[in-house]
Amino acid sequence: MLIGFSLLNLTAEAKALDETLFTPNAYIKIGADGSIVLFAPNPEIGQGVKTSLPMIIAEELGVDWKKISVELAPLDSRMGRQTAGGSGSVRGRFTELRTIGATAREMLIAAAAQQWNVPATECTVDNGEVIHKASGRKLSYAALATAAAKLEVPTKPALKDPKEFKLIGTRVKDIDAHKIVTGQPLFGIDTRREGMLFAMVSRPPAYGKTLGEVNDAAALKIEGVKKVVKIKNAVAVLATSTWAAKKGRDALVIQWNATEKLENTAEHFATFKTMLDKPTATPQRNDGDVDAAAQGAAKVLDVTYEIPTLSHGQMEPLNFFANVKDGKVELFGPTQVPAAVRTEVSKQLGIPEANITISSPRQGGGFGRKLMTDNGVEAALISAAAQCPVQVQWTREDDMQNDFYRPAEMWRYRAALSADNLLSWHQSGVGIGRGVRGDSYVAGAIANYRAEGQGLTSNTPTGWWRAPGANTLAYVAESFMDEVCTALKKDPVAFRLELLKKAKEQTVGKINYDPEKYKSVIDLVVKMSKWGTKTPGEFRGFSTWFSFGSYVAQVVDVQMLDGQPKVKKVYCAVNCGRVINLSGAENQVQGSIVDGICHAMFPKVTFVNGAVVETNFHQYKFLRMKDAPTEIEVQFVESDEAPTGLGEPALPPIAAALANAIFAATGKRLRKLPFAEQLG
Amino acid sequence: MAIINLNVNGKTLSVDVDPSTPLLWVLRDHLNLVGTKFGCGMAQCGACAVHLNGNAVRSCTLPVSTVKNNAIVTIEGLSEKGDHPLQQAWEELDVSQCGYCQAGQIMSAAALLKRNPKPTDQDIDNAMSGNICRCGTHVRIRKAIHLAAKTSKK
């Protein structure tokens with residue numbers, strides 16, 4: 001297992017050191033001893049790619065899935081872009097990994113054909129054996145490994161006809177399922193290395209404060225504490241156990257100086273309001289004339305939405321292992337961007353990348369937090385300063401207070417309506433940091449459409465949170481769309497289909513989506529949910545969104561109990577091209593839906609004088625089992641197209657679907673998150 | 001630091017630790033039992049759930065000095081072969097996504113099934129609401145508990 005694996009320096013063309021090993025590429029290792037190892041190239045953060053990516057290789061390679069083992073690959077120059085983000089792992093690697101598997105399959109066939117002196121075209125593979133049907137002869141991959149290793153690697157292998165797929169599209173249990181349920185060491189927090197010290201780090205208690213005087217006398221007296229080191233703007237206590245490191249850190253006396261403005265959430269929102277009252281100089285999109293359309297319109301809707309800052313909250317608090325020694329660096333820990341970590345460490349320590357190795361274990365959630373390199377870089381700096389191997393452990397408070405948050409936003413939506421139609425759509429948004437952008441599918445469906453976005457500079461850091469941009473835009477756009485439908489007295493589903501038909505047949509400007517694919521998921525969810533029927537005591541909301549290449553439509557059924565929504569069922573239709581692992585895919589969709597409901601309902605981050613108020617789960621409230629939907633039914637539109645994204649797409653539409661269901665139940669529009677606060 | 005004797009997974013073990021150390025960190029850092037996880041440190045998330053005389057407790061806020069010789073069972077000791085009905089159900093239904101919270105979920109569920117072999121959905125809500133899953137596997141967790149209840153032999 002790779003937890004204790006110490007890596008050799010990998011060069012561009014690593015040769016097999018053992019001639020009984022067949023390693024045609026970085027992804028496959030077949031031994032004469034019968035072992036078959038597949039290397040999963042992208043970080044596993046709970047999105048299932050440690051299982052689904054090797055499945056693609058295994059399908060073309062023709063091995064028995066029950067007889068292979070999988071390891072997470074280290075950062076390896078032969079493996080391209082090894083990141084977890086943008087719902088890009090499966091869709092980025094589908095064809096590549098099929099080719100990888102097919103390459104090895106052809107070499108094994110060639111080796112068998114040579115041995116039998118028959119044409120390769122008369123041979124097939126199944127379950128890790130090459131078969132010559134005519135003569136009934138079979139050879140296992142183990143038996144062929146040594147011979148196959150001597151052959152030329154084909155550059156253009158033939159890929160299987162997808163109709164012959166035996167593994168892709170089936171339900172496959174997560175490759176680590178047994179290890180997870182038996183508590184085996186799997187995560188960064190479980191890292192143990194010879195000679196390592198545990199470290200806890202004291203970081204600024206508020207954004208805008210920097211490190212001043214440090215008194216470590218009391219800390220050094222704590223039993224188990226071995227060292228205290230300063231790195232840029234932080235102090236690390238190193239000890240022989242996590243608890244001793246924590247006690248040591250608690251005993252530090254540190255002066256933190258306010259060197260920048262200490263910001264407040266209340267001020268952010270006050271500023272948002274001022275910014276939204278002024279039109280932007282350059283709208284992101286401007287079709288027709290939304291202002292003219294509003295003049296003399298039968299009705300104008302004008303609605304404002306407020307969306308809070310969110311933390312990532314992955315269950316495994318950040319941690320990272322680093323050993324800087326003799327001009328070399330070994331890095332091991334949870335990151336979604338190992339190459340970026342290595343580059344930044346190289347830069348900050350002045351050590352060439354060729355002298356730095358990095359790999360990651362399974363990770364207890366990502367959600368975009370680990371697209372930032374800070375936890376890995378920090379560990380390297382501490383190891384360099386302390387001159388020993390170090391395992392840095394963050395507490396939950398550290399994690400909550402040192403994040404790159406999902407930015408707070410405010411949106412203003414205006415629509416002009418005639419008696420029975422939508423005349424114009426004007427969305428204007430502002431967010432902390434890089435600001436907002438993106439269009440609803442309404443863009444392209446109607447003559448008058450304007451989208452404007454602004455950003456508010458802040459020293460509170462922002463980053464990427466599951467489905468960045470879409471996780472807020474879909475809520476505001478699909479909530480507003482529901483208000484439009486109510487005002488026009490149109491069925492929410494029928495009106496979407498009307499708009500999408502217009503987008504297809506009378507497209508205004510450019511559209512970046514396929515109206516037919518939107519229709520495919522809407523039609524499917526209508527069928528699944530029997531949209532149009534009513535169950536007594538239950539109320540429905542609908543929403544649909546396209547992101548990361550995939551189309552999603554959802555129906556939420558709620559009951560109201562004591563003024564609070566109980567989600568009875570969610571129906572979700574997805575068009576994501578070909579599904580690789582049906583079980584994992586369904587899990588991702590269900591998980592995205594629960595994630596979206598959780599964050600629509602309960603948590604928020606508040607800055608007061610630059611400090612995060614919600615320091616742990618007693619204040620930053622998460623959804624619990626009693627709040628979770630009783631049922632989530634997922635169906636995928638049948639598709640032979642290449643896979644599109646699936647880690648994120650089912651999240652964006654759920655907040656609006658829920659808000660729209662609550663409106664149906666109560667007549668109250670929820671225009672501010674989190675909903676639980678609005679419902680009292 | 002003091003020598004403390006503990007009864008963990010049926011064995012008597014000795015550790016030399018600060019008596020105020022939470023049981024969680026004694027298990028993880030001193031007894032090499034890393035299946036029990038750290039999620040919050042204040043009994044809000046359930047990742048640290050272990051059994052103390054059969055009851056699910058939060059090891060992150062339990063000073064090791066208070067445990068005495070009460071029987072502790074961790075995820076590693078829930079079954080000899082990793083085949084507790086819950087572990088089997090969890091695998092059969094492919095519950096886990098990232099997997100980090102699942103040991104704690106299983107320990108909470110195991111304590112539930114021990115005192116209530118045929119729990120209703122409401123019983124599951126009550127017993128499992130102390131455990132957070134950020135990945136959102138709740139629907140499968142619920143199904144797995146029902147499945148384990150069905151397949152459990154009395």
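This tour moves through a predicted model, from the interface of chain A and chain B to a pocket, two cavities and a salt bridge within chain A.

**The interface**

Begin by selecting chain A and chain B together and displaying the residues at their contact, to which chain A contributes 63 residues and chain B 51 residues. About 4700 Å² is buried between chain A and chain B, and 57% of that area falls on carbon and sulfur atoms. With side chains shown, look next for charged pairs, of which seven salt bridges are counted between chain A and chain B. One to centre on is the pair of B:Arg140 and A:Glu586, a salt bridge whose closest N and O atoms are 2.7 Å apart. Polar contacts can be displayed as well, and across the interface of chain A and chain B 30 residue pairs are found in polar contact, with both residues of a pair at pLDDT 80 or more.

Now hide chain B and colour the helices of chain A, in order to see which elements make up the side that touches chain B. At least two residues each are supplied to this side by α4 (177–181), α6 (242–250), α11 (396–401) and α15 (582–601) of chain A. The one to select is α15(A), which gives the most to the side of chain A that touches chain B, with ten residues. Colouring this side of chain A by residue class gives 23 nonpolar, 24 polar and 16 charged residues.

**The largest pocket**

Move next to the largest pocket, which holds about 830 Å³ of space. To find its centre, select A:Pro204, A:Lys232, A:Asn233, A:Asp374 and A:Phe404, which are the closest to it of the 26 residues that line the pocket. Two elements of chain A, β9 (209–215) and α10 (374–386), give two or more residues to the lining of the largest pocket, and α10(A) provides the largest share of that lining, with four residues. Taken by class, the lining of this pocket comprises ten nonpolar, nine polar and seven charged residues.

**The cavities**

Which enclosed spaces should be visited after the pocket? The structure holds seven cavities of 30 Å³ or more, and the largest cavity has a volume of about 110 Å³. Select A:Arg406, A:Asn471, A:Gly596, A:His599 and A:Ala655, which lie nearest the centre of the largest cavity among the 14 residues that line it. Here α15 of chain A, already selected at the interface with chain B, returns together with α12 (470–488) of chain A, since these are the elements that give two or more residues to the lining of the largest cavity. That lining divides into nine nonpolar residues, four polar residues and one charged residue.

The second largest cavity has a volume of about 80 Å³, and it can be located by selecting A:Pro41, A:Pro43, A:Ala73, A:Pro338 and A:Ser360, the closest to its centre of 13 lining residues. Its lining contains nine nonpolar and four polar residues, with no charged residue.

**A salt bridge within chain A**

For the last stop, note that 50 salt bridges are counted over all chains, and select the one in which the side chains of A:Arg369 and A:Asp403 meet, at 3.3 Å from N to O. Because A:Arg369 lies in the loop between β17 (356–359) and α10 of chain A, while A:Asp403 lies in the loop between α11 and β19 (409–417) of chain A, this pair ties together parts that are 34 residues apart in sequence.

Conventions: Residues numbered from 1 in each chain as written. Chains lettered and ligands numbered in written order. Predicted model: local features only at pLDDT ≥ 70, side-chain atom pairs only at ≥ 80, totals over all residues. Heavy atoms only, no water. Contact = heavy atoms within 4.5 Å. Buried area = accessible area lost by both parts, 1.4 Å probe. Salt bridge = Lys/Arg side-chain N within 4 Å of Asp/Glu carboxyl O. Polar contact = N/O pair within 3.5 Å; in protein donor to acceptor, adjacent residues only side chain to side chain. Nonpolar A, V, L, I, M, F, W, Y, C, P; charged D, E, K, R; others polar. 1 Å grid on protein atoms, 1.4 Å probe; cavity = no way out; pocket = protein on both sides within 12 Å on 5 of 7 lines; lining within 4 Å. Points joined across faces, edges and corners; volume = space filled by probe spheres on them.
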